[in-house]
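User: I am new to reading protein structures. Can you walk me through some features, one at a time?

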Amino acid sequence: MEAMSGLESGLDSARGSGLDGEQRQAVLAARGPLCVLAGAGTGKTRTITHRIAHLVAQGHVAAGQVLAVTFTSRAAGEMRTRLRSMDVGGVQALTFHAAARRQLSYFWPRVVGDTSWQLMDSKFAVVAQAANRARLQASTDDVRDLAGEIEWAKASLISPEDYPAAVATIRRDIPLDAAKVSTVYAGYEALKANRDGVALLDFDDLLLHTAAAIENDAAVAAEFRDRYRCFVVDEYQDVTPLQQRVLEAWLGDRDDLTVVGDANQTIYSFTGASPRYLLDFSRKFPEAMVVRLERDYRSTPQVVSLANRVIAGARGRMAGSRLHLIGQRPPGPEPVFNEHPDEVAEAAGVARAIKELIEAGTPAAEIAVLYRINAQSEVYEEALTEAGIAFQVRGGEGFFSRQEIRQSLVALQRAGERGADGPLPETVRALLEPLGLTAEAPTGVRARERWEALSALAELVDEEVAARPELDLPALVAELRVRADSRHPPTVQGVTLASLHAAKGLEWDAVFLVGLADNTLPISHALAHGPDSEAVEEERRLLYVGITRAREHLALSWALARAPGGRQSRRPSRFLGGIAPQTSAEPAPGKSRRQRGGTPRCRVCNAVLTATTAIMLRRCETCAVDVDEELLAQLKEWRLATAKEMSVPAYVVFTDNTLIAIAESLPTDDAALVAIPGIGARKLEQFGADVLELVRARQ
C-alpha cells in the first residue's frame with residue numbers, strides 16, 4: 001500500500017493535475033476489465049491517460065503493448081500528446097479504422113496472397129454503377145443514401161441477403177424498397193471484389209478483413225495478441241457491432257480492457273452505433289469494476305442543473321445508467337429561455353445577445369449557435385451578417401454554398417432569362433421540384449437534407465414576395481445573389497454555427513440552442529415512430545449533449561412561427577416541459593431586410609421600381625441624374641483602402657451601386673445616409689463618418 005500511495009502522489013504531482021476520488025479509483029483499479037461511466041465534462045481523458053500511465057509504471061504492461069481506441073483523430077492526437085507529457089511514449093492511440101488499416105497492411109500478404117488492395121476514398125462511383133446495373137434510375141441523392149445504407153448494414157454486420165429481413169424488424173428510414181437496396185448492396189460488393197487484379201476496400205472492409213484475419217488464422221492471432229496486451233476504448237456507447245467484433249478479435253480470451261462511455265450521450269444510432277455493449281459490460285465481465293464519474297469540471301452548476309433536469313425525463317433502459325452530474329465550477333448566470341414570434345425574430349435576438357457577449361469580453365470563437373438540422377443555419381447566417389459578426393459554419397456548408405442552393409439559383413436565373421411568368425411562389429416551387437422539392441419530405445437522409453434546404457429557400461421566397469409583391473423572377477435572383485455574396489466573410493475566428501451532431505465532443509463559453517420546438521427537436525420523423533419511441537429518446541439525448549457543450553452562458557430559444565406574420569402554432573419542445581418558465585412571445589424587433597415593406601418608387605419619375613439595381617439607386621436606370629464623378633472616384637479609393645485594412649473584399653464595405661447612390665444623392669447627415677438601400681445601422685456605425693466627411697468636402 002505504501003508503494004501504491006507513492007505512485008498516487010507521483011501521478012498527481014509529477015504527471016498531471018490532481019485527480020478526484022472517483023478518477024483515482026478508476027486509475028488505480030487492478031489490471032483487468034474496468035468500465036468507467038463518465039458524464040460530460042468529468043475529465044475522462046485525464047482519467048484514461050493516468051490509468052495507462054499507472055499500468056505502465058507498475059509493470060503490468062509495456063507502453064508499446066497498449067492500444068487505445070478513440071472515435072476521432074483529434075481525440076487520438078490529444079491522448080498521445082497527454083501521454084507524452086507524462087513521459088509515457090509508445091502507446092498506440094488511434095481510431096478503430098486507423099488501427100485496422102495498420103494491422104491489415106501488415107497481415108494482408110500472409111492472409112490473402114499476391115492480390116493487392118486499394119482503399120477507396122469514396123464509394124459513390126461504385127454504388128452508382130451497382131444501381132445502374134440493377135436498372136435503377138437513381139439520383140445523386142439516391143446514390144448517397146444507398147451508400148449510407150450500405151455503411152449502416154456493414155457496421156451492423158448485416159449481409160446483402162439478410163438486409164430485407166433485418167430492416168423489416170426495425171422502423172428504419174430507408175431510401176428505397178428493401179429488396180432494391182439489397183440488390184444494389186450485393187452488386188456493390190461484387191464490383192469491389194476484383195478490379196483489374198486489385199481488391200477495392202471501403203472503410204468498413206478494413207474492420208471486416210482485420211477481424212476475419214485474426215479470427216481465422218491462428219498464427220496471425222498469436223502474433224497480434226503478443227504485440228498488444230492492454231486495450232482502452234473511449235466513447236464506448238458509440239461502438240457498432242462491427243467495431244465490437246474487431247475488439248473481441250483483438251482481445252481473444254483476455255480481459256485487460258478499459259472502456260469509457262456514457263449511454264445518455266448516445267446520438268449516432270442511425271450509423272449503427274449501439275450502447276448495449278456499454279450497458280452489458282458487467283454481464284460480459286462479471287468481475288469488472290464499474291466507476292462512475294459525475295463531477296463536472298466543464299460547466300457551471302446552473303448549466304449542470306439544467307442538463308440533469310432534461311435527462312431526468314429519459315425513459316428506457318439507458319435511463320437506468322443515468323449519471324447525475326455535480327457542477328464543480330463557481331456559480332454562473334442562470335440559463336436563459338426565450339420565446340419569439342418567428343424565426344427571423346429569434347435569429348435577430350440571438351445576434352443581439354451575441355453582440356452583447358462579445359462587447360462584454362467573450363471572444364467570438366468561444367460562442368456557438370447550435371441547431372437540429374443544417375438548413376436552419378440560413379436565418380442565423382443572415383442575422384449575424386447584418387450584425388457585423390464574423391461566423392464559421394462547422395460540419396456543413398453555409399446555406400448559399402450548398403450544392404442544391406447553387407443549383408436552384410442557376411435554375412431560377414435561366415427561367416428568368418426565358419421570361420417565365422405566373423405567381424412567383426408557385427413558379428419557384430415548380431422550378432425547384434425537379435431538384436428535390438416534393439410535396440412531402442422524402443425518405444433517406446441525404447434526400448431529406450436536400451428537401452429541407454430547398455424548403456427553406458422556397459419559404460425565403462415567400463417572405464420576399466410578401467414584403468415586395470411587385471418582385472419578378474430576375475429581381476428575385478438578383479436579391480438572392482446579393483445575399484449569397486454578402487455571406488462570404490474572410491476566414492476568421494468567429495462565432496460557430498453547427499448542428500447538434502457536429503458539436504459532439506466540443507465546448508464553448510457560451511452556447512445558444514435554437515429552434516427548440518416540437519417537430520424540430522424532437523424532429524418530426526422521430527415523432528413518427530411514436531412519442532415514447534427510442535427515436536424520440538435519442539432526440540432528448542441530443543438536447544442533453546447540446547446543453548453540456550456550454551461552460552458558462554447558455555440560452556435556449558424557439559419560435560412560434562416560421563416566417564414573420566405567419567400562424568403562431570408551434571409549441572416549445574416537449575423536452576422543456578416543466579423546465580422552461582412560461583413566457584409570452586416578445587414583441588417583434590425592428591423590421592429586418594426581409595420584412596421591409598412599402599413599394600419602392602423612382603425618386604425622379606415616381607415609377608414603381610422592381611429591378612434590384614434600380615431599387616438600390618432609388619431611380620429607374622434610364623432616368624438621368626447628376627453623378628459627382630470625382631466624389632465617386634474618391635469613394636472607390638476610400639473603399640479599397642478600407643477593404644485592405646479590414647482584409648475583406650471591397651464589396652463587403654459597399655457595393656458599386658451603393659457608392660453610385662451616395663455620389664448621386666450627396667447625403668449630408670446620418671438620416672440621409674441610412675435612407676440609401678444597402679446602408680443599415682451597422683454600416684452607418686462603421687463607415688458613416690468617413691463617407692459624410694468625403695461628401696461634405698465636395699460641397
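Analyst: Start with a definition. Two strands pair if DSSP finds at least two bridges between them. This is a predicted model. Now the case here: strand S11 (residues 336-340) and strand S16 (residues 550-559) are joined by five bridges and run parallel.

User: Which residue of S16 is the bridge partner of His340?

Analyst: Ala559 is the partner of His340.

User: How many bridges join strand S15 to S16?

Analyst: Five bridges link S15 (residues 508-513) to S16, and the two run parallel. Phe512 has its bridge partner, Ala555, in S16.

User: Is S16 mostly covered or mostly open?

Analyst: Mostly covered. Buried means under 20% relative accessible area. Eight of the ten residues of S16 are buried.

User: How do I read a whole sheet?

Analyst: Strands of a sheet pair through backbone hydrogen bonds, either parallel or antiparallel. Look for the strand order. One open sheet here has six strands, in the order S3-S2-S6-S7-S1-S8, and the pairing is parallel.

User: Why is one side of S3 and of S8 left without a neighbour in the sheet?

Analyst: Strand S3 (92-95) and strand S8 (289-293) stand at the edges, and each has a single partner strand, so one side of each lacks a neighbour in the sheet. From one strand to the next, the twist averages 15°.

User: Can we zoom in on one pair in that sheet?

Analyst: Take S2 (residues 66-70) and S6 (residues 230-233). Four bridges join these parallel strands. Ala68 has Val232 in S6 as its bridge partner.

User: Which strands does helix H12 lie across?

Analyst: H12 (residues 241-251) lies across S2, S6 and strand S7 (257-261). The helix runs at about 160° to S6.

User: How do I describe two packed helices?

Analyst: Two packed helices are described by the angle between their axes and the distance between the axes. Try helix H25 (residues 629-646) and helix H27 (residues 656-665). They pack at an angle of about 140°, and their axes are 9 Å apart. H25 and H27 are therefore oblique to each other. Their crossing is right-handed.

User: Which residues meet where H25 and H27 are in contact?

Analyst: From H25 come Leu631, Leu632, Leu635, Lys636 and Arg639. From H27 come Asp656, Leu659, Ile660, Ile662 and Ala663. The residues of this contact divide into seven nonpolar, three charged and no polar.

Conventions. Residues are numbered from 1 along each chain as its sequence is written. This is a predicted model: local features need pLDDT of at least 70, side-chain atom pairs count only at pLDDT 80 or more; totals for chains, interfaces and linings use all residues. Side-chain values use heavy atoms; hydrogens and water are left out. Axes are lines fitted to C-alpha atoms, for helices over the stretch in contact, and angles run from 0 to 180 degrees between N-to-C directions. Contact means heavy atoms within 4.5 Å. Angles under 35 degrees count as roughly parallel, over 145 as roughly antiparallel, 65 to 115 as roughly perpendicular and the rest as oblique. A crossing is left-handed if the near helix is turned anticlockwise from the far one by less than a right angle, and right-handed if clockwise. Ala, Val, Leu, Ile, Met, Phe, Trp, Tyr, Cys and Pro count as nonpolar, Asp, Glu, Lys and Arg as charged, and the others, Gly among them, as polar. Buried means under 20% relative accessible area, exposed over 50%, partly exposed in between (1.4 Å probe, protein chains only).
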